[in-house]
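Biologist: I should like to learn how to read a model of this kind, feature by feature. Could we begin with the structure itself?

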Amino acid sequence: MTRSFDGVLLDNAHVDSALVDSALVDSALVDSALSDSALFDAARPVLGDDAVDACLRRLHAPLRIALAGTLKAGKSTLLNALIGHSVAPTDATECTRVVTTYRRAPAPVAEAVHDGGRRTPIRWPPDGTGKALHSLEVGLPAPLLERYTLVDTPGTSSNSRAVSARTLAYLDPDDGVCEADAVVYLLRSLHDSDLALLRRVQAQVGRGGPLGVVGVLSRADEDGPTPAELRDDPRLDGLPRDFLPVSGLLALRGRTLRQDEFTALAALARRPVAELDAALVSPGRFLAATGHDGLLDAWGMHGIAEAVALVRGGATTAPALAAALIRRSGLEGLTRILEARIGERAAALRMRAALRELRGRLAGRATRLVAGIDRALADDHALVELRTLGALPGLTTLPVPTRIALDRVLGGAGTRPTVRLGLPAGVSGREMHAAAVRAAMHWRRRLDDPLLDPRARRALRAAVRSCEGVAAGAAVRTRAS
Ligand SMILES: Nc1nc2c(ncn2[C@@H]2O[C@H](COP(=O)(O)OP(=O)(O)O)[C@@H](O)[C@H]2O)c(=O)[nH]1
Ligand SMILES: [Mg+2]
């Protein structure tokens, strides 16, 4: 089917979009599922090689994860913890008030992007940002940035309309969809401002923007709601309700722990328990009793108390304390979820990003080709799974246990067949096949319910297809062995 593209279109460098359109009117062409590479090839005569090659570069670019939440939710601290350096300014300085993108670079660089797109190199962190600043871009040689580009949003704030507007312009733009592949939403406690922002982010997921929201119950070392309370909170109906407790502060302190900090904390841990408890009642008392103002600034009262408890509990060397802090922080759970949701589907997500960019460039010029792109995006089962996972919170007509089971089988906890089917590692191909066939039958039977609403039906169909995929893979392996 792609023959016509090759023969008719690709040889003609000056073909205009009308010709591309008319060639694609051939319904057989449009109806056939074009391979992804054929779509890019077909766009070359319309857009030119440079534009198409720019889209194809997306296939090698890291995926984009945006951090969202209200001001002071702990986004920049968590970003620093993920990167392993204190690079993003925390607290309300001017530069936490614009969207900042952190991407990989061989050496540290920083640029200001001005309204209108002009870029100027800047010192990092900048002391002032100027009025017409659109965003900031930072390049760093951090390993995590090889896999993910991180976007720090300032958050919404009742105190600053401009800050909220810049955040929303990125997360929920008026004139399009958010470019992030996934959003990590940080929540300290459930306020109306969180509900409003979460609704807008979740609406973006439904509109073909980010493929899902990963919930984080942030600053988890402080007092706040528990994950179970959030899961049962009726205000979160239709919104993501799984929030993983993470203390970005403990994670960051663990990842950047210095020997002198450890020495100071270990000395505190040797003090009598009652004496230190009395000092940790307030910052003033702590300073009066210890004089450790640097420690207090970086760690906060909670952080110091946690670290001292870990030293007393046996973390008696700097590496042991660093590891214990990271374990306690919940950071590893978050990176596992990101890996399961995004990392394991990186190829499909990159293809989506490339096709979406191609689609954007073609908009209004080659409608048939755009239709082909839409079809390719709609048909890729890895993307169907991610879209369905992202939409699960909104499928309130399905009972919660069904949604939990769907999450698993669609690969929400990881794409390995054993994880999807809840089987022990190392089962035989034959057992795997039998379990997958049973699971496919289970979900197909659920489709018999005549009262299912269309979105729930689509989710169940996706589950059937996922199980069939596992069964087919297991059959191939069984035959091969
Ligand atoms: N106790 C505690 N404080 C935190 C944590 N994360 C951030 N903070 C503090 O909360 C304040 C706001 O953090 P920041 O990361 O700038 O929030 P952002 O506005 O969402 O980027 C800062 O004073 C941080 O030190 C955490 O996990 N635990
Ligand atoms: Mg911030």
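Biologist: In which strand is the place of Arg103?

Modeller: The model is a predicted one. Arg103 belongs to strand β2, which covers residues 99-104.

Biologist: How is one to judge the exposure of Arg103?

Modeller: One counts the C-beta atoms around a residue; 20 or more within 10 Å make it buried, and 12 or fewer make it exposed. Arg103 has 19 C-beta neighbours inside 10 Å and therefore counts as partly exposed. Leaving aside residues up to four places away in sequence, Arg103 touches Gly139, Leu145 and Thr149. As for a distant pair, Arg103 and Arg361 are 258 residues apart along the chain, and their C-alpha atoms are separated by 24 Å.

Biologist: Where is Thr316 found, and how does it count in exposure?

Modeller: Thr316 is in the loop between α15 and α16. It has 13 C-beta neighbours inside 10 Å, so Thr316 counts as partly exposed. From Thr316 to Glu137 the C-alpha separation is 39 Å, with their positions 179 residues apart in sequence.

Biologist: Which value does phi take in Lys72, and in Arg219?

Modeller: The sign of phi is the point to read here. Phi of Lys72 is near 75 degrees, a positive value in a residue other than glycine. Arg219, which is not a glycine either, has a positive phi of about 50 degrees.

Biologist: Where do these two residues lie, and are they buried or partly exposed?

Modeller: Lys72 lies in the loop between β1 (63-69) and α6; because it has 18 other C-beta atoms within 10 Å, Lys72 is partly exposed. Arg219 is in the loop between β8 (213-217) and α10 (227-231), and its 25 C-beta neighbours inside 10 Å make it count as buried.

Biologist: How does one check the length of helix α12?

Modeller: One compares an expected span with the distance between the ends. Helix α12 has 12 residues, 259-270, and at 1.5 Å a residue it should span 16 Å; its end C-alpha atoms are 17 Å apart, which agrees.

Biologist: Which residues of α12 are buried, and which are exposed?

Modeller: Glu261, Phe262, Leu265 and Leu268 are the buried residues of α12. Seen down the helix axis, these buried residues fall within an arc of 125 degrees, so they line one face of α12. Gln259, Asp260, Thr263 and Arg270 are exposed on the other side.

Biologist: Against which elements do the buried residues of α12 pack?

Modeller: They pack against α13 (273-279), α14 (283-290), α15 (293-312) and α16 (318-329).

Biologist: How is the chain divided into domains?

Modeller: Domain 1 comprises 61-249 + 331-343, domain 2 comprises 258-328, and domain 3 comprises 395-480. The centres of domain 1 and domain 3, taken over C-alpha atoms, are 32 Å apart. Four residues of domain 1 are in contact with four residues of domain 3. On the domain 1 side of that contact, the residues divide into one nonpolar, one polar and two charged.

Biologist: Which residues come nearest to ligand 1?

Modeller: The residues around ligand 1 number 20, and Gly74, Ser76, Thr77, Thr90 and Leu249 come nearest. The elements giving two or more residues to this shell are α6 (75-83), α11 (248-255) and α15. The largest share, three residues, comes from α6.

Biologist: What is the chemical character of the shell around ligand 1?

Modeller: Its residues divide into three nonpolar, 11 polar and six charged.

Terms used: Residues are numbered from 1 along each chain as its sequence is written. Chains are lettered from A and ligands numbered from 1 in the order in which they are written. This is a predicted model: local features need pLDDT of at least 70, side-chain atom pairs count only at pLDDT 80 or more; totals for chains, interfaces and linings use all residues. Helices (H or I, at least four residues) and strands (E, at least two) are DSSP runs, numbered from the N terminus. The expected span of a helix is 1.5 Å times one less than its number of residues. The arc is that of the directions from the helix axis to the C-beta atoms. Two residues are in contact if their C-beta atoms, placed from the backbone, lie within 7 Å. Domain bounds come from an automatic or database domain assignment. Ala, Val, Leu, Ile, Met, Phe, Trp, Tyr, Cys and Pro count as nonpolar, Asp, Glu, Lys and Arg as charged, and the others, Gly among them, as polar. A residue is near a molecule or strand if its C-beta atom, placed from the backbone, lies within 6 Å of it.
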